[in-house]
Amino acid sequence: MHSDVRVEDVLRALGTSKRYHICQYVWLFLSMLTVTYGILGYVFVGKSVTSQCATLSTQSTDGILASINVPAIDVVGIDSIYNECTVDVTVNTATTSQTVVVGCLDGQDFGSLRFTSVVSEFGLVCDRKIQSRLPQFLVLAGEAFGAITIPLLADRLGRKPMIITAHAATLLLTVAMAFSRSIVELTILKAFSGIFIEGVLLVLVTMALELTLTKERKILAFFLLFSWSIAGLTLSAIGFSLRLMSWRTIQYALAAGSLVVFAQILILNESIRWLFAVGRYKSAQRLVEFAAEVNGVDVDEKLIYGVGHKDEEDVITTTTPAPTTNSNPANGTTPASEDTPTETSVPDVTPTETSVSGDTPTGTSITEDTTTETSVPEVTPTGTSIPEDKPAGTSIREDTLTETSGPEDTPTRTHVPEGAPIRTSVPEDASQPATSVGTAATTSTAIAPILVAGTASEISTRPRVVTTHTGFKEDIDSPNCCAFARNKHLLINLIIFVYIWFVIGFSYYTLYLTESSLADDLYLNFTINVLSELPAAIILLFAVDSIGRKKTIFLFLGTAVGFLTLSTIVRLFAGPGVTSVALPLFGFLGKLGVAGTYYTLFLYVEETLPTTYRLIGFGTAGMSGKLGALGAPFMVFVAEDMPWFPTALISALLFIAIFVAIPLPETKGKDLPQTVDDIEELYRD
């Protein structure tokens, strides 16, 4: 981004609480329905269903008798006890009684609820139980892959194209899942959907953050967490209201949450920050003008046009036409010809300097319309005499055309970005006047030296080199992952956030996906998980600016560690009466801490990464969270034998995260970083 533009000032002038911004926020946050349904919908689609082995058929019974060498004629009775995965068969004869344990030889009996879950329809129990968790595992694995690929594409191709693409792909895949005829088909579709779900989440958060002023980011974080909670509550309502219907019906309802993409195609706009950051100035300026019109405000043109344009933008053109020769025999000098003027014109806001070496006086005349004229001595093939008392003048006009007279065979035409300075200078060893026109930027045009011999000067023109400063350091700010390795503080930030997000990802999804982690009922457990995020959002709203981002992280981590540890102790040592009351309470508060940390990270990580590769770093940290979440689906199996273990493990990992977060800088009250230098400033403050 060019140093002359401050997007914060542009956004402030637009008014972030006006119609344009509100409309963009609403359609961005509605995307949270897609994210929540896609990540957590399988909790209800693949819910556990009570089952037992189906009643043994006559053929299966004969096989059991044959296996124990008991003739059917000797059997006086058979008693069978049906368990979830086994059948205890007791064969009674006149003289003996023999018990045999066999598997579910005739399949599972799920009663009338067989089609309410993927687990029951495809018989994903007993020795196939692990397959019941593969769709959830692979959707998280897909998110890990999407966390690193979609942001990379969004940084290069744009925010809006990627969020629309990811959203539309999620919609199509969610509908396709309802037509799955096997667990393999469903698992593959789930894996691909995870890639695009994470793309929707990361891009919507980034777009919303880049639309927000520094002082308003806490409000953004609040609404981000609030929208997730509302989406979670609607998901809980869908799951509960459709609990007796086919899981395919639930899947259709989940797909309906993604229909918002059709409105986003028409209404959602590209990120203004991103457009400026990648040099798409015309698009950025048009979008700012559109937003100003929608909001009914006037934006000072200096805020949006005081930038270094690239070649495709409006340019200043420098040309060197051929001079004419006209000697003055009266005094042996060559006076300036009016037919060969050098005209230099820049915008009227550009300061002008005219410097002349030696004894040559300089006259500068600037009229009200900022027009000055500079006369250049006529040139002869062998030399040109210039009197030492010859005056020079400088002319500046409002147009953007600079013309310099020179030999016909050496014309030069150089394009210079509008708003950039033009400096016409001579080498230090030149003894004749040099005319310099400059601005605050660092664009320069070098004119060939004027060689002086006695009273004669020879003016020659050579091709000039123009360099344009855009405020973008290619070796430091180039949008790729290598920048993290080149800068110590960027690398430290990334490593810390990778660990914290890994732990939070594991903790967050373990509490959600383990159906009895906070309560013994699926729907109550899920609702407690969701409701715990609402007070976390309120605390986040007030804490991030009052005590800062870093202390807010410590507050939430400490809360999670404390109450989840208490929850573990209650499970280990308390009786049923205490457990029924204490577990939901401690689980609620512990999950509040985990959720608060999770969403503070969305704000904190973005504030410690520069614009040009914010999504790359954000995606890398987010990917680590998904990698941590990969273990969550299988904690269900551990919790069946050791119900206390998930919360105990989470508490230990979060305790370590408290110490890991200590080196992080505080970003409270700081502008959103645009370059690596801004990150260095965070550590110097």
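This report walks through the fold, the cores, a few buried helix residues, two unusual backbone angles and the cavities of a predicted model.

Some ground rules come before the details. Because the model is predicted, local features need pLDDT of at least 70 and side-chain atom pairs count only at pLDDT 80 or more, while totals for chains, interfaces and linings use all residues. Residues are numbered from 1 along each chain as its sequence is written, and side-chain values use heavy atoms, with hydrogens and water left out.

**Overall picture**

The protein chain has 26 helices and 13 strands. Helices here are DSSP runs of H or I with at least four residues, strands are runs of E with at least two, and the numbering starts at the N terminus. Of the 685 residues in the protein chain, 53% are buried. Buried means under 20% relative accessible area, exposed means over 50%, and partly exposed is in between, using a 1.4 Å probe and protein chains only. As for contacts (heavy atoms within 4.5 Å), 77% of those in the protein chain with a separation of 6 or more involve residues 24 or more positions apart.

Helix α8 makes a handy geometry check. The expected span of a helix is 1.5 Å times one less than its number of residues. For the 19 residues of α8 (residues 159–177) that gives 27 Å, and the end C-alpha atoms are 27 Å apart, so the two agree. Buried residues in α8 include Arg159, His167 and Thr174, along with Met162, Ile163 and Leu171.

**Cores**

In soluble globular proteins, nonpolar side chains tend to be buried together. A nonpolar core is a set of buried Ala, Val, Leu, Ile, Met, Phe, Trp, Tyr and Cys residues joined through side-chain atoms within 4.5 Å. The largest nonpolar core has 133 residues, and Leu14, Leu204, Tyr509 and Leu654 touch the most other members. A second, separate core has twelve residues, including Leu56, Leu65, Val91 and Val102.

Leu654 is worth a closer look. Leaving aside neighbours within four places in sequence, Leu654 is in contact with Val503, Ile504, Ser507, Leu557, Ala560, Val561, Leu564 and Val594.

**Buried helix residues**

Leu557 is found in helix α21 (residues 549–573). Not counting residues up to four places away in sequence, Leu557 touches Ile504, Thr597, Leu654, Ala657 and Ile658. Ile500 is found in helix α18 (residues 488–513), and with the same allowance of four places, Ile500 touches Leu601, Ala657 and Ala661.

Two glycines join the list. Gly596 is in helix α22, in contact with Ala536 and Phe556 once neighbours within four places are left aside. Gly194 is in helix α9, and on that basis Gly194 is in contact with Val139, Gly142 and Glu143.

Each of these four residues also has a C-alpha distance to a partner elsewhere in the chain, as tabulated here.

| Residue | Partner | Separation in sequence | C-alpha distance |
|---|---|---|---|
| Ile500 | Val660 | 160 residues | 7.8 Å |
| Leu557 | Ser651 | 94 residues | 9.3 Å |
| Gly596 | Phe222 | 374 residues | 9.9 Å |
| Gly194 | Gly142 | 52 residues | 4.3 Å |

Relative accessibility is 0% for Ile500, so Ile500 counts as buried. Leu557 is buried at 0%, as are Gly596 and Gly194.

**Positive phi**

Asn69 has a positive phi of about 60° although it is not a glycine. Asn69 sits in the loop between α5 (58–67) and β2 (75–82), and is exposed, with a relative accessible area of 68%. Cys126 is also not a glycine and has a positive phi near 60°. Cys126 is in the loop between α6 (118–121) and α7 (134–157), and is partly exposed at 22% relative accessible area.

**Cavities**

Rolling a probe the size of a water molecule over the atoms shows where empty space is left. On a 1 Å grid over the protein atoms alone, a cavity is a set of points where a 1.4 Å probe fits but cannot get out, and lining residues have an atom within 4 Å of a point. Grid points are joined across faces, edges and corners, and a volume is the space filled by probe spheres set on the points.

The structure holds three cavities of 30 Å³ or more, and the largest cavity has about 70 Å³ of space. Its lining is Phe29, Val205, Ala208, Leu209, Leu220, Ala221, Leu224, Phe602, Leu603 and Glu606. At least two lining residues come from each of α9 (183–210), α10 (217–241) and α22 (576–606). By class, the lining has nine nonpolar, no polar and one charged residues. Nonpolar covers Ala, Val, Leu, Ile, Met, Phe, Trp, Tyr, Cys and Pro, charged covers Asp, Glu, Lys and Arg, and the others, Gly among them, are polar.

Terms used
On a 1 Å grid over the protein atoms alone, a cavity is a set of points where a 1.4 Å probe fits but cannot get out, and a pocket is an open set with protein on both sides within 12 Å along at least five of seven lines; lining residues have an atom within 4 Å of a point.
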